[in-house]
Amino acid sequence: MMMRKANTRRKEESKGLGLVDFVFSWSIPDVMNKNLYSDKVKQVPETFPSTDHYLKSFIYPLIEETHADLFSSMTALSRAPMREVFDVKISKDYKPPKELYYSISLKQMGMNEKKEGIYEPEFGDLIALTDVRPKCIDDLNRPKRPYLLAIIQGMKDGDSQKLPILSSKPIEFEKHEDGKGKNRDKLFAVYLTNLTTNIRIWKALHPDPEVVNMKIIKAIMPVDPNVGRNCTLCSNGETKRDAGSHLIAAIQNFGLDESQGTAVLDCITTKECHHQNSVKLIWGPPGTGKTKTVASLLFLLLQMKCRTLTCAPTNVAVLGVTNRLMTLVRPSLECDTYGLGDILLFGNGERMKIDDYEELLDVFLDYRVTALSCCLAPLSGWKGSTESMIRLLEDPEKQYQLYLDKEREKDQSDDEEPPSDEKGELEGGLFENINVSDSQGKVDEIDSQSSKKNKPKFWKKVIVQTLKENKKKKSKDKAASKKSKHNMEGKNIAGSKTNKREPDNTSVTLLSFDEFFIKKFKLIGNRLIFCITSLYTHMPTSFIPMEVAKNMKRVSDMLQALGSLIHKVTSANEGLREVLYGTETAERRIRHFNELRRTRMGCLLNLKHLQEKISLPSFSEDYQIRNFCLQRAFLVFCTASSSAKLHVEGMAPLELLVIDEAAQLKECESTIPLLLPGIRHAILIGDEKQLPAMVQSQICEKANFGRSLFERLVMLGHQKHLLNVQYRMHPSISLFPNREFYGKLIMDGPNVKDVKYKKRFLKGSIFGSYSFIDINPGKEQFDDKHSRKNLVEVYVVAEIIANLHKRSLISKQKLRVGCISPYKAQVSAIQEKLGQKYSTDTDSDFSVNVRSVDGFQGGEEDVIIISTVRCNGSGSVGFLSNHQRTNVALTRARHCLWILGNSATLVNSHSVWKKLVLDAKARGCFYNARDNKILVQAISSALIELGQFDKLLSTDSVLFKTARWKVCFSDDFSKSLARIRDPEICKEVLSLLVKLASGWRQRLSDTSRIEINGTSLLLETYDVKGLKLMWTVGIQKFISIDMQVIKVWDILANPEIPNLAKQLDKIYGNYTLNTVNRCKFKRMEGNLVVPATWPSESKSVTGDDPSEHLASKFAGISLRDEPRPSTRSNRSAQTHGKHHNKWKKSQK
């Protein structure tokens, strides 16, 4: 049987080798040639004359896409995961020159070895084999080790260290045995890409015409507007009328709106049609309840026992729709979890992170196979445990005597230990990880609380935990077995034969009757409960009828009740043997005897009845159980790529195909499930206005290789059901995307229009339901992977999230926040800035998830912050202008959507973002970050990190634009600040300057003043972490007035101050008395000093004061909070003017 399975798999693999042959044929120059297939790739047409033409249209685009993917991997070779190869052996399937099959062993990782950058192999991986750790492409093609590729063919018994591979060329490798003293060959496996999906597509494009189902393919090729419409024969027939009435009633129970209900009803009635093959489209814009609609449809199909495959492009989407279905199914189950065996989810558990979805474990194939494998075990499974329990309950005394006899025989014998099967009589075996005493204690606890609902949940946890631990135990046992085998090699066999078991002089302690009965009952009882729960949960309903399942559940409850009674008897020291047999000493406790006898006899009768009714299949291999489950399930869930596993001989045909998120699936990939045997109808659910499938190759992009079947059918005018009510976004959020992308076809649901749906998480109108927040200044830059980021926006996002977190803690309001950016570098920068401060678990009180636009498709959060990144003078926004990407980003928020961006860049882009900015201004939703104190500080911190002091040290910067005092900075100060490496010192300096500009001053006792040449003008110095900030008050002319300003000269260490004092002595020594008095004058408003002003005279009041030459540049500045003019007289004076170039200030 195993040989047949291996041969079948080898035959299937050979079908996909055509694509692998292409990959193996490429030299390094071929891989790096972007135009290698530019003349071969043709535009994928909208219609096709034949099925052959249809399938062939995708072949060269698929080859080119594979080529582009490999090219991308080669350019990032230095960052590729890798692992050293320990050994290489020729496989038994090795048949040169093409079938170069090997088995390679990877070097095991140490316990403390970092896993970052370490290659973890998976089936279908394309790897390069090289004798050095590659830093560039040339390292893959060396004189002693020419360019060599290999593809991972599988895992040997789940062992990721030993890998069967197919190589492009013969591998020369000499393993160095310990003690030989010579250097062994070095060989590294370098991960390039995974070809699994592309190989599966290749197989689908090269089908066996005698086996494959082409019905749906033929239905989607012609240009026929009637394709997708209801069958005329069915529309007027009995089927429509008969199905309609009870289906409408069922649909109403789901709470679907009119558009959702119509879509479900139409798809259900189409399922009954046998006159034609059809494809139905359900158009689900954001927030319109697409997943709810699909789940309702699938629930009805489950009730109709319609064998249906549900696919999606990604594991996330598959898990989402499966999870939603389970919320409908579980409340409808009549007998605990009976019925879940008709639902099956399969895929790679690790990639799915299935352990995070506890509610889906009951339908996940790997767990199902493990559970049923335990149930089908000859001795410890259902059959053996049932027989053992019947024997124990019928005659416990006889079982005790058999136990005593065996123990005496063992005590007298010097033979080796009994076989594991005999040993398992009183030991746990596969079930030893179920803690019998703990579980029984839990039963007592549940009984005392009279909470029957908790029992199934408890046993499910026991089962899941047992399966996990058994899986780990098997892995450890396998590793220990290998280690033991290795240690035994080379040892003296003859000597080992003499190593017999030493006689044990210690006497065997025999169990009393009570101890024996309790121990055996708990062991067998837990096995039975495990098997009963697993069988009615995981076996299909076609195999176990409802009445049998109910009886199984009764037996499970009886066993737990019996265990509870036994526990009470033994706790009260009443004598279990006496109570079981009703002897005279137990008459005083007649109530316990009757109750225990009644429960015991009930268990016996029901167990014997179940023995007759349940006849389990005799499977000995896991793959047999897998095939059994796949063939008997009515609803099967997997990715479109994984559906290739259903193309196996003997698989029971499916009737219906449902593809969720169909607009994200390349049409060629959708052929994998479309060609499955038995499929008569297909239902595609998606939205072509959102993101399509990702395509690496620009050649393929232009050829429409990434276009979905959903989108192509829409382009051809195929009828589609529009879900036209959105229930996610506040109306102010949905307004723009609805108008821009959906032509105002979508209505807002009553829930989002409710006044309670409008929520304010932060104070200020800038943080309303919908805002565009202009970030200026900003700076876009590239990371080492040539992706863009904008650190100013990163700091603003972090500041907003920090304030949201504070408010959430104060209000004790649960909040989910999402951050979206189109650029991976920005996503990484935000994640790095946030660190581990916030949970990503959406079930926590406050969660933050930062992802790309692609990563957020299908998701939603309470608050969404979008970082657009782009900030340049040309208006270049790149792929940000893509309508589908923009649509996804704008439609993820429930209550608040805050968009961060540089408005000038976006407006100049003349893209959809220009419309968005202008729309925000027209609606009064446009805000400037510089008008918000929270965001100003974040922008300042970002500019400090970027070293962009020129954007901070200007009068109209974010720090000083609205300040009371105008602040001027010398070139010396800017240079000194730029030389300070500690960002905290820079922040403190700028914070001090902001306080000065607001009118704050240190007390006289806290400040140092330096008098220059005996004049009355004072240079003030403030301490900043060991440095001195040097500043004075000066006078500047602004059109018709003279006004006090702050002049910042420098920030220096103490030894450097005298040099500055000498320079200032030359300047201030020439000031007139009137100018000095004006500089010294203080006008107070409460505790703050505000700048004083005087009317300007025709002559200069300060002569050649250097700052006066800047007056013309301030002509356009409007003064805020202008104080009343002083009544003091003004006198002109001559000042020194040779330091004009020391001052700078920004222009409006």
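In this predicted model, helix H5, residues 59–75, lies across two strands, E3 (125–130) and E6 (188–194). The angle between H5 and E6 is about 135 degrees.

E3 and E6 also belong to a barrel, which six strands close in the order E1-E2-E5-E4-E3-E6 with antiparallel pairing. On average, neighbouring strands of this sheet are turned by 45 degrees against each other, direction ignored. Strands of a sheet pair through backbone hydrogen bonds, and the pairing can be parallel or antiparallel. One pairing in the barrel is that of E4 (residues 149–152) with E5 (residues 162–167), an antiparallel pair joined by three bridges. Here Ala150 stands opposite Ser167 of E5.

Much further along the chain comes strand E27, residues 1027–1038. Twelve of its twelve residues are buried, so E27 is largely enclosed by the rest of the structure. The burial applies to both faces of the strand. One side carries Leu1027, Leu1029, Trp1031, Val1033, Ile1035 and Lys1037, while the other carries Lys1028, Met1030, Thr1032, Gly1034, Gln1036 and Phe1038. E27 pairs with strand E28 (residues 1041–1052) through eleven bridges in the antiparallel sense. At one of these bridges, Phe1038 has Ile1041 of E28 as its partner. The two strands form a hairpin with two residues between them, and Ile1039 in the turn has a positive phi of about 55 degrees.

The next topic is the cysteines. A disulfide is a covalent bond between the sulfur atoms of two cysteines. A search of the whole structure finds zero disulfides. Why does Cys374 not bond to Cys375? The sulfur of Cys375 is the closest cysteine sulfur to that of Cys374, but the separation is 6.7 Å, too far for a bond. For Cys375, the closest cysteine sulfur is in Cys531, at 4.1 Å. This too is too far for a bond, because a disulfide needs the sulfur atoms within 2.5 Å. Cys374 is buried, with a relative accessible area of 5%, and Cys375 counts as buried at 1% relative accessibility.

The last part concerns a pair of helices. Two packed helices are described by the angle between their axes and the distance between the axes. For H31 (residues 791–811) and H32 (residues 824–834), the axes come within 9 Å and cross at roughly 45 degrees. H31 is therefore oblique to H32. Their crossing is right-handed. On the H31 side, the contact is made by Glu793, Val794, Tyr795, Val797, Ala798 and Ile801. H32 contributes Gln826, Ala829, Ile830, Lys833 and Leu834.

Key:
Residues are numbered from 1 along each chain as its sequence is written. This is a predicted model: local features need pLDDT of at least 70, side-chain atom pairs count only at pLDDT 80 or more; totals for chains, interfaces and linings use all residues. Side-chain values use heavy atoms; hydrogens and water are left out. Two strands pair if DSSP finds at least two bridges between them. Helices (H or I, at least four residues) and strands (E, at least two) are DSSP runs, numbered from the N terminus. Axes are lines fitted to C-alpha atoms, for helices over the stretch in contact, and angles run from 0 to 180 degrees between N-to-C directions. Contact means heavy atoms within 4.5 Å. Buried means under 20% relative accessible area, exposed over 50%, partly exposed in between (1.4 Å probe, protein chains only). Angles under 35 degrees count as roughly parallel, over 145 as roughly antiparallel, 65 to 115 as roughly perpendicular and the rest as oblique. A crossing is left-handed if the near helix is turned anticlockwise from the far one by less than a right angle, and right-handed if clockwise.
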